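Here are my notes after a pass through the coordinates, in numbered points so you can reply to each. Have the structure open while you read.

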Amino acid sequence: MINDEFISSYPAFAKLINHGKEHESLVICYNKLWKLLIDRGIKKTELIRLAGVSTNVIARMSKNSPVAMESLVKICTALQCDISDIVEFKMSCAERLELVP
C-alpha cells in the first residue's frame, strides 16, 4: 500500500489521489492477475514455476501488497501480457476475496 511517507514525498501525487479530501490513498490491486489466471486455467503454483518468482511474491500479491518491479516483469513475460493486464491502482480493493481462487 502507498503509505503517508510516500505521499508526503510526492505532493503532486498526493494531490492527484486525494481529490481535495482529507486523506484517501490508492491501493495496489492484483484482481486482474487472478482473473487472468482463472481464464487461462493456471494455478498460482504453476505461475510460480513459469515466472520463476518465489512463493513469498505470490503471497504478498494475494494480500495486495507491493512487490518488486522485477517480479512483475517476470510474471508478465511468463504470461505474455502487459503490466496493466495484471495490476491496477484503486481507491479500494474490497472485492479481492471474490476473485482469488
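1. Let me start with a small detail. Glu88 comes out as partly exposed, with a relative accessibility of 21%. That figure sits just past the cut-off, because buried means under 20%. Glu88 forms a salt bridge with Lys90, with the closest N and O atoms 3.8 Å apart. Lys90 is partly exposed too, at a relative accessible area of 23%. Keep in mind throughout that this is a predicted model.

2. Now the overall layout. The protein chain has 7 helices and 2 strands, and from the N terminus the order is α-α-β-α-α-α-α-β-α. Of its 101 residues, 37% are buried. The chain exposes about 6500 Å², and carbon and sulfur atoms account for 56% of that area. If you look at contacts between residues at least 6 apart in sequence, 64% of them join residues at least 24 apart.

3. Back to charges. How many salt bridges does the structure hold? The count is 4. As a reminder, side chains of opposite charge can pair when their charged atoms come close. Besides the Glu88 and Lys90 pair, I want to go through two that sit inside helices.

4. One of these is in α3, residues 31–40, where Asp39 and Lys35 lie 4 residues apart, about one turn of the helix. Their closest N and O atoms are 3.0 Å apart. Asp39 is exposed, with a relative accessible area of 55%, whereas Lys35 is partly exposed at 45%.

5. The other is in α4, residues 44–51. Arg49 and Glu46 are 3 residues apart there, so about one helical turn separates them. The closest N and O atoms of this salt bridge are 4.0 Å apart. That value is right at the limit, because the criterion asks for a side-chain nitrogen within 4 Å of a carboxyl oxygen; I'd check this pair by eye. Arg49 is exposed at 59% relative accessibility, and Glu46 is partly exposed at 31%.

6. While we're on α4, where do its buried residues point? They are Leu47, Ile48 and Ala51. Seen down the axis of α4, these buried residues fall within an arc of 105 degrees, so they line one face of the helix. Turned away from that buried side is a face carrying the exposed residues Thr45 and Arg49. The cover over the buried residues of α4 includes α3, α5 and α6.

7. That leads to the core. The largest nonpolar core has 22 residues, and those touching the most other members are Tyr30, Leu33, Leu47, Met61, Ile75, Leu79 and Ile86. Helices α3, α4, α5 and α6 each supply at least two residues of this core. Leu47 is a good place to zoom in: leaving aside neighbours within four places in sequence, Leu47 is in contact with Leu33, Leu37, Ile42, Gly52, Ile58, Ile75 and Leu79. Leu33, Ile75 and Leu79 are listed among the core residues above as well.

8. Next, backbone angles. Most residues other than glycine have a negative phi. Two residues here go the other way: phi of Asn64 is near 55 degrees, and phi of Gln80 is near 50 degrees. Asn64 is in the loop between α5 and α6, while Gln80 is in the loop between α6 and β2, residues 88–90. Are they buried or exposed? Asn64 counts as buried, at 10% relative accessibility, and Gln80 counts as exposed, at 72%. There is also a glycine to look at: Gly52, just after α4, takes a positive phi of about 70 degrees.

9. Last, a polar residue with little accessible area. Ser65 is in the loop between α5, residues 55–62, and α6, residues 69–79. Its relative accessible area is 18%, so Ser65 is classed as buried. Apart from neighbours within four places in sequence, Ser65 is in contact with Tyr30 and Arg60. Tyr30 is one of the core residues listed in point 7.

Notes:
Residues numbered from 1 in each chain as written. Predicted model: local features only at pLDDT ≥ 70, side-chain atom pairs only at ≥ 80, totals over all residues. Heavy atoms only, no water. Buried < 20%, exposed > 50% of the residue type's maximum accessible area, 1.4 Å probe, protein only. Contact = heavy atoms within 4.5 Å. Areas by Shrake-Rupley, 256 points an atom, 1.4 Å probe, with all protein chains shown as cover. Core = buried A, V, L, I, M, F, W, Y, C linked by side-chain atoms within 4.5 Å. Arc of directions from axis to C-beta.
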